Amino acid sequence: MTRSWYIRLGHSTDKLTQRRMFAKPFRVKSSTITRGSDRRRVKQSIGQSFPAVSQDMLDQVLPGKASMSTINVIAHSGSTATVYVVEGEPLVFELESVLHPTVYLLWKLPNILPCVTTWSPVINKLQGGADLMLPGVVAEARGGCSLHGITKGEVCAVNVAGNRSPVGVVVALMSHEEMLSSGMKGRGFRTVHLYGDHLWEMGSKVHPPMVAMTAVNTDTESSDESCGLQHEAEAGRVQEEEEEEEEESREATSVMESNDVTVREGVSDGGRHDDDDDDGDGGGGSETALAHDQLMPKLQQLSCGGEEEVDDDPVKVMDALLMDCFLQSLKRRVTQSDLPILVSTFYKAHMMELCHSGLRLDIKKTSYKKLSKFLADMQEQGLVEVKANSKGAEIITAIHSGHPLLKTFAAPTESKALEYKHLYMPSHKMLSIFSCHGYSKSSMLELGQVREVVTDYIRSHDLVAKDNPRMVVLDPVLTDVIYKKGEELVTEVTWQEVMERVIQGMNMAHSLTTGDGKTIMRKGRLEHIALSVVRRASNKNCTLVDNLELYGIVPDEFARTMQRLAAASTTVTEVTGRAGVHQVMVQGNAVKAIAKLLQDTYGIPLQCIDGLDKIKKGSQR
């Protein structure tokens, strides 16, 4: 039976100490099982501290039969706190009488706290003990979460851009209004707990799941207000938004900048906004949107050969890309619960994100020239409804999912994110208890299986202490399993210590399940994909990519894709001294493009990629 603990740590008034108290190992002083009224009090406190948690949610994360214990723990600095752990997972912790959720609870219930979005490299700084500075916060207009309504001292979740799944807990050091008045400068949030710290290590040590930024439902009643207020500095500046879009379009890849590509299909004659109509056929009211699989070969032609090799008018191709991204956004991303949504957010966080990997959607190179004209045409066709909110900014208020274009549009299926699990292999001395269950030294077990074997051995050999069921009486076999030679032996230990020592004595392994469902199991810990930028001959930069094979990626195929997407030369070489292991080299600093390809095409989470800090500022690749 799985064990869990209710950990009682006291309270520290030292804010700096609180921020770093889980950054280093803490000491367990004592432990007791929590039952009855204490258990009900914990459940009630969670419900009161997080109003968004319903009774059904509480029953889900804290079932009636789930075990719970209390453990007194002292941090490395001597400070204390209170942590509640259920079924082996720390759920919430208490500092200065304020309850905070852990990442484990936030992965189950990501909607219970306001969320702050930052960039992946910033997380490394936070893990080192730094506070979250406001310049590191991703604005809603760039796909981040809304900061509207955040008050000083409020507990918030923090996530990485591109993944709504929280990776930590922070406390706001100023209100949303104060953040705006400061020009989004200075210390914005105090870091309390992060994925990867020692509080996280108390649990199953799983990694954050990949969750689309639109996957978490928002409150429809307040979404119109949040869309407008997050952009208070932009209120009434629709024209400026379009100028920003033009500025961003200049960051398109060199392939797209060298080809004046643009298309429109599926719009009526009235939707044509070109001043020049030399062909005389206008937009062709009978035209329909290209299916995604029909559009991709044309875009690949453009990437590889230039516009002279494309059968269609380049303007038509960009219009088709615009329509493709628009229909994909309506069919795959935006739901009724997300409405109303700011037009600029819809374009930047959804349409541009769904653009074919390696290409860049450029509204200025379409026949519409402006996003407002395109959406007006889509409203005329009956796909969406658009209006101006109280701040003067355009918002999409309705999506007509029954429209024939949406019904017949063949949207590509999104690739599943890579799934990673820690596995454990019995060492030689562990076989005395694991072989009874049919396991050998080559068996790879999940954490739950390990606990099941140990629990079964203890109960089947009647090793639970008669006078204290929290303690385990050690027999010679179990003593040999959990103690190293020369250690001082005792006759009784806690269940927790038995489990911890067994896990520590096992050999590490891991499993990877790729987006196509293929599972790879290997011994040892998983190495991250390593990106590095080095200077080679002629003092030119090159980007090196290592460990692709560990994630089931074929280096030769990856190199060919990068050659096309980055418009740069690539080479694949075998790593010296490592037979069958290859390194991919891409000309120039292509870290940004490589990371995007790994994430979008292969489903590799950013946490499994090292070297993202090498992204060149202002880089288009």
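**Exercise 1. Pairing around β23**

Find the residue that T573 faces in β23.

*Solution.* T573 stands opposite Q583. This comes from a predicted model, where local features need pLDDT of at least 70, side-chain atom pairs count only at pLDDT 80 or more, and totals for chains, interfaces and linings use all residues. Residues are numbered from 1 along each chain as its sequence is written, and side-chain values use heavy atoms, with hydrogens and water left out.

Step 1. Fix the terms. Strands (E, at least two residues) and helices (H or I, at least four) are DSSP runs, numbered from the N terminus. Two strands pair if DSSP finds at least two bridges between them.

Step 2. Take β22 (residues 570–574) with β23. Five bridges join them, and they run antiparallel.

Step 3. Take β21 (residues 541–546) with β23 (residues 582–587). Here there are four bridges, and the strands are again antiparallel. One bridge pair is C542 with Q587.

**Exercise 2. An open sheet**

Give the strand order of the five-stranded open sheet, and explain why one side of β7 and one side of β8 have no neighbour in the sheet.

*Solution.* Step 1. Read the order: β7-β9-β10-β11-β8, with mixed pairing.

Step 2. Look at the ends. β7 (115–118) and β8 (132–133) each have a single partner strand, so one side of each is left without a neighbour in the sheet.

Step 3. Check one pair. β7 and β9 (residues 155–160) are parallel and share four bridges. Within this pair, C115 faces A157.

**Exercise 3. Helix α16**

Compare the expected span of α16 with the distance between its end C-alpha atoms, then list its buried residues.

*Solution.* Step 1. Use the rule: the expected span is 1.5 Å times one less than the number of residues.

Step 2. Apply the rule. α16 (residues 447–460) has 14 residues, so 20 Å is expected; the end C-alpha atoms are 20 Å apart, which agrees.

Step 3. Sort by accessibility. Buried means under 20% relative accessible area, exposed over 50%, and partly exposed in between (1.4 Å probe, protein chains only). In α16 the buried residues are L447, V450, R451, V453, V454, T455, Y457 and I458.

Step 4. Find their neighbours. They pack against β15 (419–425), α15 (431–434), β16, α17 and α18 (495–504). Contact here means heavy atoms within 4.5 Å.

Step 5. Look past the helix end. D462 follows α16 and has a positive phi, near 55 degrees.

**Exercise 4. A buried charge**

Is D475 buried or exposed, and what is its nearest side chain of opposite charge?

*Solution.* Step 1. Place the residue. D475 is in the loop between β16 (471–473) and α17 (476–482).

Step 2. Assign charges. Lys and Arg count as positive, Asp and Glu as negative; His and the chain ends are not counted.

Step 3. Search for a partner. D475 is buried and has no salt bridge; K429, the nearest side chain of opposite charge, is 13 Å away. A salt bridge needs a side-chain nitrogen of Lys or Arg within 4 Å of a carboxyl oxygen of Asp or Glu.

Step 4. See what D475 does meet. Its side chain makes a polar contact of 2.8 Å with that of Y457. A polar contact is a pair of N or O atoms within 3.5 Å; within protein, one must be able to donate a hydrogen and the other to accept it, and residues adjacent in sequence count only if both atoms are side-chain atoms. Leaving out residues up to four places away in sequence, D475 touches Y457 and L463.

**Exercise 5. Salt bridges**

How many salt bridges does a search of the whole structure find?

*Solution.* Step 1. Count: seven. Side chains of opposite charge can pair when their charged atoms come close.

Step 2. Take R187 and D131, at 2.3 Å, N to O. R187 is in β11 (residues 187–194) and D131 in the loop between α5 (120–127) and β8, 56 residues apart. R187 is partly exposed at 45%, whereas D131 is buried at 11%.

Step 3. Take E446 and K421, with closest N and O atoms 3.2 Å apart. E446 lies in the loop between α15 and α16 and K421 in β15, so the pair ties together parts 25 residues apart in sequence.

Step 4. Take D462 and K466, at 3.0 Å between the closest N and O atoms. D462 is partly exposed at 48%; K466 is exposed at 69%.

Step 5. Look for a network. Salt bridges that share partners join E487, E497 and R501.
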